[in-house]
Amino acid sequence: MNGPLDGGRNGDRGGADEPDGVRGIPRIPGQRAAADDLDPPSTDVLRRAVEANARAARAAEHSREREEPDEPDATDEADDADEARTADKAAGVDSGADADTAPGTPPEPAHPPEPAGERELTGGRDPYGPPPPRPPAEPVGPPPSHSVLKSLLGAWALAACSPEETTHVENHLTECAPCADEALKLRDAVGLLQADRNLDLPPLLRSRVLENCLGRRAARIPVPLWATPYDAETARLDALLRDFGDAEWHAPLQLKWFEKEEPAARRATVAGVIGHLMTVDGLVASALGLDDPLGEPAPQSPTDRTEAFWRRAHPPPTRTIREPWRDQSHTLIRTVSFAGRGVAELSVPYGEFALPLRDAMIDRAFECWIHGVDIAEAVDYPYPAPSGPHLHEMIDLAAQLIPSALAARRRAGLASPAHQLVVPGSPGRSLHLEVEGPGGGNWYIALDSPAAVGTAERAVAQVALDGVEFCQLVAGHISPEEAAAGQDGDREAIRDVLFAAASLSRL
């Protein structure tokens, strides 16, 4: 009987010969996943896989040693067929076609086989069902040399070998202990290559890259040292804003400052704060002869300029404010770099007072950092302090402005009167301001006159503060009563200096 599996080629031996008929057909391996998409197995799984491959290799070797039965040739099959026809004629059975059967139609069997019989011929499998999966093909040819297999261990650990190479390598690992140890180490190393990493760039990466580049080849037109804090802080804030969505740009926050004897606050959004920075930076732009973002005429006071910008902004500012603010900061840095040395003393009016351009750029860097902290807190994101040298420049500017702020408060009746009047440029009563941490140092604040010189010999009090804490006091983010970590000496002088430092803040 011709079975359904052999296509009528092997007679009634089709079921038994089917595995031998497909044994020589090469197996097409399936598509492999990318090496970096595969999770490396554990050490126990690796050992079990190596042992299983060893057992499979030994079983295959034993099966090859057995003598396989000889295949019957075509002559034997023909003799068997003639003897079967002779036996049928003697029994009175005509093996040819009936008269009613059309020529070329194969005769139906007298006794159709039972399904169970067909299942016996197919090894218990449904003959009309899908064929069973074929076993993986054994590697063809002799295995590669030891040196070749050792060079494949790295690719094998990354799951980048072909199926044949994988089989050869794993068979070799069962016989070579040094290669097996090295394979385990390589597979453990693959797990370390897939460790999670933080995608956020370090905040000082830009400054380190620029410093390295400028150290190899100096810039033809360098940025002045007094403008580098502004350059760094605008770049840091721009990096924070780069990936903000609409929700972050409209996130609410509070702008805080200290006014006379009480803290003050104003509600705003992230986009509104960037607009505030742009309009106050316009004071520096106007002093350099550049376009004022508010146009002409425009108020000189930073608070009045900010209020004017917010009144004109209908609808409220959105992410579109970032590009003009950043373009203006780039223009300021480029202009002061090309202007030369004499521009550092150019006066920048702030309404009631004026600052040299050198100090105005440090003031703008300070405000950019402080409002960067406000924005980062509004979106729950970390924002570190400036680098030590830049922070020192900001603290030094605030320490120089405290005597003038103290004199203004004394004229307004908010501070104690002067104890001693001295000739301008002469030593007078002083307060020792000790700032700790990166960017810190020691400053001596003149108490009785802005024209006096503070000295250690005339110090009547001492205040110790952390550098970031002192800047938060100057920005009006913490009250004078909470600021000083250490105080010693004249309590009245300490109070006057702390309140004068807080009065430097503004909207």
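I will go through the overall make-up of this predicted model, then its nonpolar cores and one helix pair.

Overall figures to start. The chain has 507 residues, of which 35% count as buried. Its secondary structure amounts to 19 helices and eight strands. About 30300 Å² of the chain is exposed, with 54% of that supplied by carbon and sulfur atoms. On contacts: taking pairs at least 6 apart in sequence, 70% of them join residues at least 24 apart.

Now the cores. In soluble globular proteins, nonpolar side chains tend to be buried together. Here the largest nonpolar core holds 87 residues, and the members touching the most others are Leu237, Leu241, Ile274, Leu357, Trp369, Ile375 and Leu431. Which helix gives this core its largest share? Helix 15, residues 357-378, with 12 residues. There is also a second, separate core of 13 residues, Leu153, Ala157, Cys161 and Val190 among them.

Take Ile274 from the first list. Beyond its neighbours within four places in sequence, Ile274 contacts Leu237, Leu241, Trp249, Ile321, Trp325 and Ile375.

That brings us to the helix pair. Helix 10 covers residues 228-241 and helix 12 covers residues 270-287; their axes come within 13 Å and cross at roughly 155°. An angle over 145 degrees counts as roughly antiparallel, so helix 10 is roughly antiparallel to helix 12. The crossing is left-handed. On the helix 10 side the contact is made by Tyr230, Leu237 and Leu241. Helix 12 contributes Val270, Ile274, Leu277 and Asp281. Leu237, Leu241 and Ile274 are therefore names to look for twice: they take part in this helix contact, and they are also among the core members that touch the most others.

Definitions and conventions: Residues are numbered from 1 along each chain as its sequence is written. This is a predicted model: local features need pLDDT of at least 70, side-chain atom pairs count only at pLDDT 80 or more; totals for chains, interfaces and linings use all residues. Side-chain values use heavy atoms; hydrogens and water are left out. A nonpolar core is a set of buried Ala, Val, Leu, Ile, Met, Phe, Trp, Tyr and Cys residues joined through side-chain atoms within 4.5 Å. Buried means under 20% relative accessible area, exposed over 50%, partly exposed in between (1.4 Å probe, protein chains only). Helices (H or I, at least four residues) and strands (E, at least two) are DSSP runs, numbered from the N terminus. Contact means heavy atoms within 4.5 Å. Accessible areas come from the Shrake-Rupley method with a 1.4 Å probe; for residues, only the protein chains shown count as cover. Axes are lines fitted to C-alpha atoms, for helices over the stretch in contact, and angles run from 0 to 180 degrees between N-to-C directions. Angles under 35 degrees count as roughly parallel, over 145 as roughly antiparallel, 65 to 115 as roughly perpendicular and the rest as oblique. A crossing is left-handed if the near helix is turned anticlockwise from the far one by less than a right angle, and right-handed if clockwise.
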